[in-house]
Amino acid sequence: MASRSRGIGIPLEEVDGTPDYCNESVFRRNTLPPRTYYIPKDALSLNGQWDFHYASSPLAAPDPTAENGQNPADKHNAKYQWTTIQVPGHWQLQGHGIPHYTNVQYPFPVCPPFVPSENPTGTYRRSFFVPETRETNQLRLRFDGVDSAYHIWVNGVLIGYAQGSRNPSEFDVTEYINRDGPNELVVRVYQWSDGSYIEDQDQWWLSGIFRDVQLLAFPQTRIEDWFLRTDLDAEYKNGTLIAEIDVKTNSRSVIEVEVLDHNQDIVGCAEDWGFGSRKVMLRIPINNVDQWTAESPNLYTVRIEHVVNDSIVHRVNQRVGFRKVELKDGLICVNGKPVRFRGVNRHDHHPSFGRAVPLDFIRKDLLLMKRHNINALRCSHYPSHPKLLDIADELGLWVIDEADLECHGFYDAIARPLDIPEEVDYEERKKLTFGHAAKFTSDNPSWKAAYLDRMAQLIHRDKNHASVIIWSLGNEAFYGQNHKAMYELAKDIDPTRLVHYEGDPHAESADMFSYMYPSVERLISLAKTEGVRSDGTFEKPIVLCEYAHAMGNGPGWLEDYEEAFRAYPRLQGGFIWEWANHGLWKEDPDGKSYYAYGGDFGDVPNDGTFVMDGLLYSTHQPTPGLLELQKVYQPIEAELIDYSDVACKLRITNSYDFVSVNHLTATWKVESLMDTTSTILHSAGVMELPHILPRSSKNIELSLRRPLPLHLPMWLSVSFRLKSSTAWAKEGQEVAWAQFQLGSSRICYGSTFYLLRLTNRLPLRSESSGTLTIITGHNFTINFDKAKGYMTSWTTGGTPLLEPNPRTGAAIIPSFWRPPTDNDNSISLPYWKRFGVHAMTSQLRFFDVTATAAMVVITTKTFHSPPILSWGYLAHTIYKITDLGAMYISITLKPQSSDYVNTLPAHVPRVGFDLRLSRRLDAVKWFGLGPGESYPDKRTAQRLGIWSVDHVADLQTPYEVPQENGNRMGTRWVAIHEPQGTGLRAEAGYGDWSDNCERNFSFVATRHSAKALEEAKHPCDLVEEDATLLRLDAKVAGVGTAACGPGVREDLLVKVEEMKFSFVLEPLV
């Protein structure tokens, strides 16, 4: 039997007396040089179940050197309690310790490079056998991701140490391996290390071996590494493959390189003869090359063979895409053309496994991106799973690949003692703090080597991927000399790609200006001024590495940003923050289960819900925000130029950067959506799309099959879909759509009301009983409270339609409040509450009843105001009730303030009515925008139509942090009814509406009160009302992005000013 351990190993500490994990100069010991990601097909996976021991500190961890690492006594020694754990995985998600979320702040004292003495330590142990076929090979242990630092032992010998949680490490274990029997591998993982200071990346702090572990066997004569660069000629027509190959051998050998196209035909080849280990450089021309872009991801296969004595001793394949990245006329260009980034930021996240994300889950993410018109991905804020880039190459995505680096927490370490309010302008706060914060690590020479290592690891792992067109130096790590060194290193290793870093305000060490969350106004100003010469030219473009913070009910502003990108070519797009919520599935002892955020595990300090800020739910299903983004990002735009009763003229704009529209087909239809419950199709057909070059437009005329009745309101809908299946979607996938109104814009509001009044002559009765005014007619009763001026109930045919609110006693009442959104919480919510908008009360000032046999008119004046304060709305309301039970409600609202000083708020969340309906009214049908929710700055993705749901619950958007949701705008009418049909229908009234109101109103139907939504931490905490709550609104506020970015656009606020609007309510029987 071969010796179990011929090597002598290394000492536990590089510097005696200082743990490796508290020494910023020690981040790799005995690791192999970084190389391109390549796993041989015969690799031995060490994933699966391992023995595991969890200790509160390294000193309490088992000694891996005891009995050559096997240490059987530990299994029976009460001092060491071993259990099992799954690899890849995090120990906090497998019963050891707790997940901890912070956004910026460090969860430990800030004294780099030192870490807490209570440094949880996980010891992993497993055995393995070396397959016989690897007898003469070099053997390597590869770890693709371990958080945050670790030592490894093989057969009781300490082999090495590594940190850099999202970077791989390889160890040559050839001389330590027993090839004839079992081998014992022990990995001791430290939760905290000096590396934790530069891995503060707005995510859960989760520890352990969370990516693949493998035993790799390489022949002694081998291809060690390769860098395959591509270039294009001046016309971007012919290509050149530049192959740089590291060869290991002790003999004379040949390196043969072949380039194969998608048909596996050889289109180019070259070879190099030489002796011994060497670096081979080959150039292979390829004529009329099929270029790689995110829109046309054409891939070639490069086959590299190492031949000795006419025998192939080592062969590797690498997919490449021919493309050229450069700055041209101050713009980021690929293959000579400027590109527009329609991108997102993506963390590695799974709701059950944390950052141990299965590959099929990653592929699903990227497929969703492509299907929602996303063309760019920023790997925030570290290298993603290494196989993600294979998928990006295949599907077509522009990638910013980012170094595993962020130290944002130093900001709090500086800013809090200075007591800088968060309300202070961000640019001003940066001036006060960033220079000092950089001194900890980014501008500290003792950390230079660690910074450079993270850059080198990133580039070497991912250098052969066509999708990666930009390297990033990290995120929110301030700016210092170490970033300058990283930039120089990146350009030295790979001069073919551009470099990004947002923290460099003057783009000294970056090839572009990059910003986070500027307002549209500031963004346009930057485009005009930042780095602009007197003649208007500039050297570098602008990108938004983060914008449109997608937290909860949001983001707003998407179309505004897109308009700025279209108007100013220097603005080359951006990346939404962020792709998905990071909720972790949690099941409490009391039976409640939910997706947890900061603080739910008892983690202190924490940043709460800020980890729930994605376009996807934690399950990675789309939120309404992603659907909105899909519409805003669509690559085809249609504009209605003109129309008649027999034809429509459209202008079609191709917003792709590289491809025409030949891969799409277009269909169209013209239909009426009248004041009925059905649609009328007038004409439909297939539109023949002409050849439209990228970034250009053409006009198309649609010939209608029959003349249109232009005296009616009609809508033209156009849909652009894939002609054939692609790698990312099936034939028929919709990539763009448009909808236009034709014909009359007049809607006969209130027509039903007049029809009822004129065709029914049954008499009405009005009588008083105590404080009640009771109106009865044919099969209905409506009650008003004379003392308060409210309607309190409405019953039709024995079925209650409206019922009193237990708190106010009103069945319908003017209202200005709604639950807050995440975007309201920082600014708007405290503002509204300061003015008591959430606590409005009502005082009766006037009540009058006028009755005839055909109609009862009730006139009220009420004053709606909060306690303590001296402002409110004077509401003049007129209720007209017909003899068949229909009701017309018109209201004029006049804000009133103190006579001595203006005490009015500038804006409120909404203006409209709250109605309390019987719970039996559960099905909903409406004519308006749908099928999903819509708000003034988040409505683009919704289409006008007649929509329906069987249950009110189906109208709710299940945000993982409960908040305002489910508003539907552009409503002409809405009906809520029992399954049998009895219910209530509402439409805009026929009377005057003030210009500051929206006659195509908004509605919300829900079972959750505003109070319940505001107070619930999770959906499982929501308590339903025993009623259906209906909001009918003349105006609602936008949602904005104020959780991190600009708030609601000024014109989309609900200003406190005089308003007039009306509704018609009628029973459905």
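The legends below describe close-up views of a predicted model.

**View 1. Confidence along the protein chain and two low-confidence stretches.** The protein chain has a mean pLDDT of 94, with 96% of its residues at 70 or more. Residues 1–5 have pLDDT below 50, and the model gives this stretch 19 contacts beyond near neighbours in sequence. Residues 67–73 also stay under 50 in pLDDT. For residues 67–73, the model has 16 contacts beyond four places in sequence. Where pLDDT is low, the predicted coordinates should not be read in detail.

**View 2. Domains of the protein chain.** The domain assignment gives domain 1 (28–218), domain 2 (222–325) and domain 3 (362–514), followed by domain 4 (634–742) and domain 5 (765–1068). The centres of domain 1 and domain 5, taken over C-alpha atoms, are separated by 59 Å.

**View 3. The annotated span 774–1066.** An unreviewed UniProt entry annotates residues 774–1066 as "domain: Beta galactosidase small chain/". Strand accounts for 45% of residues 774–1066 and helix for 4%. The C-alpha atoms at the two ends of this span lie 18 Å apart.

**View 4. Cysteine 269 and cysteine 997.** Cysteine 269 has a relative accessibility of 54% and therefore counts as exposed, the cut-off being over 50%. Cysteine 997 has a relative accessible area of 9% and so is buried, the cut-off here being under 20%. With a disulfide taken as a pair of cysteine sulfur atoms within 2.5 Å, the count of disulfides comes to zero.

Methods: Residues numbered from 1 in each chain as written. Predicted model: local features only at pLDDT ≥ 70, side-chain atom pairs only at ≥ 80, totals over all residues. Heavy atoms only, no water. Buried < 20%, exposed > 50% of the residue type's maximum accessible area, 1.4 Å probe, protein only. pLDDT = per-residue confidence, 0-100. Contact = heavy atoms within 4.5 Å. UniProt positions renumbered as here; feature names shortened; annotations may be inferred. Domains from an automatic or database assignment.
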